Structures are given as C-alpha cells and as structure tokens.
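Here is a friendly walk through one protein chain, with aromatic rings and strands as the main topics. Please keep the picture in view while you read.

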Amino acid sequence: MTAIASNYNISTQHNNIFSFRSVSRNKVTDLRSLSAYEWLAQNEFVQLEGQGSFGFQNYADANKQFQAIYFTLKGDLAAHYAFFRGIVLAGQPKEIYLENIHENRSFTLKFYKKNEEVAKQYLEKVFRIVNEEIRFKQVLRKVLVNQEKHRLEEKLLFNELSN
C-alpha cells in the first residue's frame, strides 16, 4: 500500500494543496512478553488447574528448570475437545511435550524454562488452528442453512407456478 499511496496526489492541478507522502502505522508493542502460563491465563477458553516448576538437584550445574502447566478446555472450545486433541497428537516441537489425559479431558504442557517461548508459540498456533476451524464450521453452517432456505423457496415458487 505504501508504494501506491506514496505517489498519489488528490488533484493534478493542485499539487501543492495535498500530496500524500507515506503511510505509517502505530504498532502497539508489548515491552514484556507474556509467559506461557500468563498467556493461558488470559485465554477465555482455558481453565488453569495449576503449574509446577522442578529443578534437578543431582545436576544443579546443568541449570535446567522444568515447567509443567495443567489445564482443561472450557466454553466453546470444550465442545471441540476431540479436534483440539487431534491437533496436539498430530505433532509437537521437540522442545516441548503437550500431554493429554483423556480420562478427565485435561492437558499437561511440559517444557524447560529456556524453551518457554517455543511452548507459547506452539500453544498460539494450536489455538489459532482450532479457532479458525470453529469459525469455518459456523460460516459453513450458515451457508448450508441459507442454501436449504433457498431450495425450499424455489420449491414453493415452483409449486405455485405449476398450479
């Protein structure tokens, strides 16, 4: 848009009145990135069950902190548990492990603290895919309902014309 807009003039006769030079967008930047736990806490479709952080005392010099976040799905997303679970089972980055406990329909996200950004990006991707699928199904449902209404109207019109 900027390449086209930068050369645009309102009037060729009145070039001095207005000349559009460039486009700039104000981008709100978050100075502090959310942790995976904070990101999940802000998600309206997630019920957090808890979190844990574990260190390895036997290997203290390795300086590895292991994180675990426990959550369940709620709201509209809970109805799409099977789809969410399928996306999770389709594959995960090697740096994290998102485990599904099928008996109580909950999930456990496990990762090393140094891989927290990878975990958050993966969660964002999974939730985006599921939300897009939900939206697609809603739109498709509306289209199918409209097609059925149209078909019934055509049938009614045809019956009226044939009488």
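A charge is said to sit over a ring if NZ of Lys or CZ of Arg is within 6 Å of the ring centre and within 35 degrees of the ring normal. Lysine 137 fits this description: it lies over the face of phenylalanine 83, at 5.9 Å from the ring centre.

Before going further, note that this is a predicted model, in which local features need pLDDT of at least 70 and side-chain atom pairs count only at pLDDT 80 or more, while totals for chains, interfaces and linings use all residues. Residues are numbered from 1 along each chain as its sequence is written, and side-chain values use heavy atoms, with hydrogens and water left out.

**Aromatic pairs**

A pair of aromatic rings is described by the distance of the centres and the angle of the planes. Rings of Phe, Tyr and Trp (its six-membered ring) pair if their centres lie within 6.5 Å; planes under 30 degrees apart count as stacked, over 60 as edge-to-face and the rest as tilted. How many aromatic pairs does a search of the whole structure find? There are six, and the table shows two of them, both edge-to-face.

| Pair | Centre to centre | Angle between planes |
|---|---|---|
| Tryptophan 39 and phenylalanine 127 | 5.5 Å | 70° |
| Phenylalanine 66 and tyrosine 112 | 5.5 Å | 75° |

Tryptophan 39 belongs to helix α2 (residues 36-42) and phenylalanine 127 to helix α4 (residues 116-162), so their pair ties together parts that are 88 residues apart in sequence. Helices (H or I, at least four residues) and strands (E, at least two) are DSSP runs, numbered from the N terminus. Both tryptophan 39 and phenylalanine 127 are buried, where buried means under 20% relative accessible area, exposed over 50%, and partly exposed in between (1.4 Å probe, protein chains only). These two residues also join Phe71, Tyr81, Phe84 and Phe107 in one aromatic cluster.

The other pair in the table links phenylalanine 66 in strand β2 (residues 65-73) with tyrosine 112 in strand β4 (residues 106-112), 46 residues apart. Tyrosine 112 is partly exposed, at 27% relative accessible area.

**Strands and a loop**

Two strands pair if DSSP finds at least two bridges between them. Strand β1 (residues 46-55) pairs with β2 in the antiparallel sense over nine bridges, and seven bridges join β2 to β4, also antiparallel. Threonine 72 is the bridge partner of glutamine 47, and threonine 72 stands opposite serine 106 in β4.

Arginine 105 lies in the loop between β3 (96-101) and β4. Most residues other than glycine have a negative phi, yet arginine 105 has a positive phi of about 55°.
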